[in-house]
Amino acid sequence: MGDPVIGRFYSNDPNCTNVIKKGGSSGRESRAGAVKRIVSEVEAIGDFKNKGEADWLYELIDDRNLEVTVQAGLITVRVLLPLRLAPNGHVQADAIIVGGYSVHGQSTIRHRPDGTYGIYDGKYDFEMHWNMSPREISREMLRNFGTFFGAPISGTPFQIHYHGNVGTVIPYRP
């Protein structure tokens with residue numbers, strides 16, 4: 001069964017086997033068709049619409065080799081730590097993706113010699129977070145309440161490939 005408000009499935013439909021109901025429509029599509037549609041939409045738009053879309057993809061797939069490409073130029077990252085020299089010689093820092101995208105959360109960015117920033121590819125693996133800072137507590141509690149009751153029942157991690165330069169980088173400020 002699905003919840004069109006949160007855009008997620010929270011149980012299997014007893015009337016069909018291995019078939020997914022599209023949110024809010026009477027049409028049906030196969031699990032493979034739903035995965036193909038979501039991946040196509042993400043790659044056409046350049047990013048995920050929201051985290052729920054990534055959660056849904058995680059729940060639907062069983063292909064550990066799935067890789068979704070998003071455009072790094074559409075995201076904003078906030079640098080969490082000062083830039084440092086990594087063992088491989090790259091200048092990098094921990095960062096968090098901010099704004100409406102925020103599907104992948106924390107990642108690592110690379111400061112390239114030409115002055116641009118790239119973001120390292122990462123694996124999307126569903127998890128819940130608790131952030132108890134005063135500014136975030138109500139938002140995080142609401143999100144985790146919805147996540148708990150709409151959480152993927154099962155799922156397979158998939159790779160997110162970031163293509164191009166990061167759109168906006170908010171520098172580290174101690």
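Is Leu81 buried, partly exposed or exposed, and what is its relative accessibility? In this predicted model, Leu81 has a relative accessibility of 37% and therefore counts as partly exposed, since the partly exposed class lies between 20% and 50%. Leu81 sits in the loop that joins strand S6 (76-79) to strand S7 (84-85). Together with Leu80 and Ile96, Leu81 makes a nonpolar surface patch of about 200 Å².

Turning to the interior, the largest nonpolar core has 32 residues, and the members that touch the most others are Phe48, Leu57, Ile119 and Phe158. Several elements each supply at least two residues of this core, among them helix H1 (31-45), helix H2 (51-60), strand S8 (91-98) and strand S12 (158-163). Beyond its neighbours within four places in sequence, Leu57 is in contact with Val35, Ile38, Val39, Phe48, Leu66, Val68 and Phe158.

Charged side chains come next, with 3 salt bridges in the count. Arg37, Glu41 and Lys49 are linked in a network of salt bridges. Within it, Glu41 meets Arg37 at 3.4 Å, N to O; both residues belong to helix H1 and lie 4 residues apart, about one turn of the helix. Glu41 also meets Lys49, at 4.0 Å, N to O. Relative accessible area is 26% for Glu41, which is partly exposed, and 25% for Arg37, also partly exposed, whereas Lys49 is exposed at 52%.

Asp94 and Arg84 form another salt bridge, with their closest N and O atoms 3.3 Å apart. This pair links distant parts of the chain, as Asp94 lies in strand S8 and Arg84 in strand S7, 10 residues apart. Asp94 counts as buried at 19% relative accessibility, while Arg84, at 32%, counts as partly exposed.

How values were computed
Residues numbered from 1 in each chain as written. Predicted model: local features only at pLDDT ≥ 70, side-chain atom pairs only at ≥ 80, totals over all residues. Heavy atoms only, no water. Patch = residues over 30% accessible without salt bridge, like charges linked within 9 Å, V, L, I, M, F, W, Y side chains within 5 Å. Areas by Shrake-Rupley, 256 points an atom, 1.4 Å probe, with all protein chains shown as cover. Buried < 20%, exposed > 50% of the residue type's maximum accessible area, 1.4 Å probe, protein only. Core = buried A, V, L, I, M, F, W, Y, C linked by side-chain atoms within 4.5 Å. Contact = heavy atoms within 4.5 Å.
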